[in-house]
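This report introduces selected features of one protein model to a reader who has not met it before. The sequence and structure appear first, and the description follows.

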Amino acid sequence: GVDVGFTQEPSDPSLFNNGNDAKLVWDYTDPHNEIQVIIYSVLVNGSFVRMMVNDSSGVQEHLEIPLSYKGRVKIEGRATLVIKNINPGDNTEFRCELIGSFLYLVQSTVQLIVAEAPLINLSLGGKYHIEGSPVTMACKASGKPLPDVAWIRNGVLESSGKKAALLKFDNISRMDAGQYTCQANNSVEVTSINATIVVYCAN
């Protein structure tokens, strides 16, 4: 026959926006009623700490539950863990364990990522340049997940990369002057900043 096992697990990693509730959906099969306890744990400083227990007396917070999770976690459905109002401190792993009478049965661990919109940091090496000089414009962006970064001019993609995009001119010309847009894009949102380059002729 079929033994105890998970029939549904959260995607790993699971991504949620800052300030939202995170729902980690687990479900399981237990044809012979072997499960006695379901335990939910969170990874804190390198070790898993128990926070919720579901046993014959129902669902309750475990005595060891970290203070930052007290009153913030609940169980929905058969085995779904809900963490309310998540924040960057929740970037960690969560575990669901199905435990039988004498032996540990089966566990599932998932990494939770608190998504953050991209933040752009430009270094242009100055706004004004003399024609013929070498110029490098760097656009770096942070965010979770890591953003794709691109330099765009007049709707044309000039340069792109993960986390950063470089725009290099060996000999900048007046044709290169004008407005450039740095765009950073992750699953949370698209952020962009404009930069204007002025080129003087060398006389």
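## Strand pairing

Two strands are said to pair if DSSP finds at least two bridges between them. The model described here is predicted. In it, strand 3 and strand 9 (residues 80–83) are joined by 3 bridges and run in the antiparallel sense. Within this pairing, Ala-22 is found opposite Ile-83 of strand 9.

Strands 3 and 9 belong to an open sheet of 3 strands, whose order is 3-9-8 and whose pairing is antiparallel. Strand 3 and strand 8 are at the edges with a single partner strand each, so one side of each has no neighbour in the sheet. On average, and with direction ignored, neighbouring strands of this sheet are turned by 25° against each other.

## Aromatic pairs

A pair of aromatic rings is described by the distance of the centres and the angle of the planes. The structure has 4 aromatic pairs. One of them is formed by Trp-26 and Tyr-40, a tilted pair with 6.2 Å from centre to centre and 55° between the planes. Trp-26 lies in the loop between strand 3 (22–24) and strand 4 (27–29), while Tyr-40 lies in strand 5 (residues 37–44); the pair thus links distant parts of the chain, 14 residues apart. Trp-26 is buried, at a relative accessible area of 1%, and Tyr-40 is likewise buried, at 0%.

Another pair consists of Tyr-69 and Phe-94. Their ring centres are 6.0 Å apart and their planes stand at 85°, so this pair is edge-to-face. Because Tyr-69 is in the loop between strand 7 (58–61) and strand 8 (73–76) and Phe-94 is in strand 10 (residues 93–99), the pair ties together parts 25 residues apart in sequence. Both Tyr-69 and Phe-94 are buried.

## Charges over rings

Two arginine residues have their charged ends over aromatic rings. That of Arg-78 sits over the ring of Tyr-28, 4.1 Å from the ring centre. That of Arg-95 sits over the ring of Phe-48, at 3.8 Å from the centre.

## Cysteine residues

A search of the whole structure yields 1 disulfide. This bond joins Cys-139 to Cys-182, with an S to S distance of 1.8 Å. The link between Cys-139 and Cys-182 is left-handed, with -70° about the S-S bond. Since Cys-139 is in strand 13 (residues 135–144) and Cys-182 in strand 17 (residues 178–185), the pair ties together parts 43 residues apart in sequence.

Cys-139 is buried, with a relative accessible area of 0%, and Cys-182 is buried with a value of 0%. Cys-96 is also buried, at 0%, whereas Cys-201 counts as partly exposed at 39% relative accessibility.

Terms used. Residues are numbered from 1 along each chain as its sequence is written. This is a predicted model: local features need pLDDT of at least 70, side-chain atom pairs count only at pLDDT 80 or more; totals for chains, interfaces and linings use all residues. Side-chain values use heavy atoms; hydrogens and water are left out. Rings of Phe, Tyr and Trp (its six-membered ring) pair if their centres lie within 6.5 Å; planes under 30 degrees apart count as stacked, over 60 as edge-to-face and the rest as tilted. Helices (H or I, at least four residues) and strands (E, at least two) are DSSP runs, numbered from the N terminus. Buried means under 20% relative accessible area, exposed over 50%, partly exposed in between (1.4 Å probe, protein chains only). A charge sits over a ring if NZ of Lys or CZ of Arg is within 6 Å of the ring centre and within 35 degrees of the ring normal. Axes are lines fitted to C-alpha atoms, for helices over the stretch in contact, and angles run from 0 to 180 degrees between N-to-C directions. A disulfide is a pair of cysteine sulfur atoms within 2.5 Å.
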